Amino acid sequence: MTTSPSTVRPPAVVPSVLPADFARLGEDLTALETAGVDRVQWDVMDGRFVPNLTVGPDVVRCARSETSLPFEAHLMVEEPDWSLPAWLRAGCETVIVHAEACRHLHRSLALVRDAGGRAGVALNPATPLTAVEHVLDVVDLLLVMTVDPGFGGQAFLPATVAKVAAARQLLDERAPHVDLEVDGGIGPSTIAAVTAAGATSAVVGSALFARRDDLAAAVADLRSAAVAGRVAA
Ligand code: DX5
């Protein structure tokens, strides 16, 4: 059974600033806010958990005053506990850790919450949902990766759609308040599938920055594409 567009809410559009021009970061953030995105994701990579290296909390702190958009930090970082307070102090409302990178995942998530943040947990495509079923009491956001993390512009993994749907069912049954976010290869041709599967937030990097000159239209097109797949026949 399909549903009409009026009853389907598109997911929050969360640009990853991985593809941003870091020589003009303030301008890019202002343009994203003007374009109507919901919040911003900082992709943090340590060169160990993923074969890439990006930004630290100081960059986020400097960018904080450039926009009123909420910030979230996606920590693709081994054993991130030591750094969690720094991301919150830098101005992130949400900090996302990878289940695969935390020796004591429940403790890591509780540390974020105890420091006043929203706690997110991310799963690589190969990691089963059972990795988070015993920490849902300290989770505000579940990030289901739709690529293997480390780089922008990668091809969406279609096999992850079933995992998004299974995550939706798990959250509906056990933790309906948790935001279900997807990340990797999300664009106009893939956002309908993950929305239909139950995603409530979509991280988009290259598909947005490819349209840097008409960001508002790109954001609107993503929202339209998200619900177009569920228009009543
Ligand atoms: C992990 C990163 C990327 C990025 C989005 O590699 O988390 O997924 O945010 O990149 P795109 O939207 O270009 O696939």
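Good morning. I begin with Gly-150, which is buried, with a relative accessible area of 2%. The model I am presenting is a predicted one, and every value I quote is computed from it. Gly-150 lies in the loop between strand β6, residues 141-145, and helix α5, residues 160-174. Its C-alpha atom is 7.8 Å from that of Met-76, although 74 residues separate Gly-150 and Met-76 in sequence.

Let me turn to the ligand. Which pocket holds the ligand? It sits in the largest pocket. Three elements give two or more residues each to the shell around the ligand: β2 (40-45), β3 (71-76) and β8 (201-204).

How many residues surround the ligand? There are 20, and the closest are Asp-43, Asp-183, Gly-185, Gly-205 and Ser-206. By residue class, the shell divides into seven nonpolar, eleven polar and two charged residues.

I would now draw your attention to the oxygen atoms of the ligand. A polar backbone atom of Gly-205 is 2.7 Å from an oxygen atom of the ligand. For Phe-151, a backbone N or O atom lies 2.9 Å from a ligand oxygen. Ser-16 takes part through its side chain, where an N or O atom is 3.4 Å from an oxygen atom of the ligand. As for coverage, the ligand on its own has 360 Å² of accessible area, and the protein covers 99% of that area.

I continue with strand β3, one of the elements named for the shell. Glu-72 is found in this strand. Is Glu-72 buried or exposed? Glu-72 counts as buried because its relative accessibility is 0%, and buried means under 20%. What does the side chain of Glu-72 contact? It makes a polar contact with the side chain of Arg-39, at 2.5 Å.

Beyond β3, in the loop between this strand and helix α3 (84-89), we find Glu-79. The phi angle of Glu-79 is near 45°, a positive value in a residue other than glycine. Glu-79 has a relative accessible area of 34% and is therefore partly exposed, since that class lies between 20% and 50%.

Another loop, between β2 and helix α2 (57-63), contains Pro-51. Why does Pro-51 count as exposed? Its relative accessible area is 62%, and the class of exposed residues begins over 50%. Pro-51 and Val-14 are 37 residues apart in sequence, and their C-alpha atoms are 23 Å apart in space.

Two alanines remain. Ala-122 has its place in strand β5, residues 118-123. At 0% relative accessibility, Ala-122 counts as buried. Its C-alpha atom is 6.0 Å from that of Val-97, with the two positions 25 residues apart in sequence numbering.

Ala-167, in turn, lies in helix α5. Ala-167 is buried as well, with a relative accessible area of 0%. From Ala-167 to Val-121 the C-alpha distance is 12 Å, and the two residues are 46 residues apart in sequence.

To close, I return to the ligand: it sits in the largest pocket, and the protein covers 99% of the accessible area that the ligand has on its own. Thank you for your attention.

Key: Residues numbered from 1 in each chain as written. Predicted model: local features only at pLDDT ≥ 70, side-chain atom pairs only at ≥ 80, totals over all residues. Heavy atoms only, no water. Near = heavy atom within 4 Å. Polar contact = N/O pair within 3.5 Å; in protein donor to acceptor, adjacent residues only side chain to side chain. Areas by Shrake-Rupley, 256 points an atom, 1.4 Å probe, with all protein chains shown as cover. 1 Å grid on protein atoms, 1.4 Å probe; cavity = no way out; pocket = protein on both sides within 12 Å on 5 of 7 lines; lining within 4 Å. Sits in = over half its atoms within 2 Å of the grid points. Helix = DSSP H or I, 4+ residues; strand = E, 2+ residues; numbered from the N terminus. Nonpolar A, V, L, I, M, F, W, Y, C, P; charged D, E, K, R; others polar. Buried < 20%, exposed > 50% of the residue type's maximum accessible area, 1.4 Å probe, protein only.
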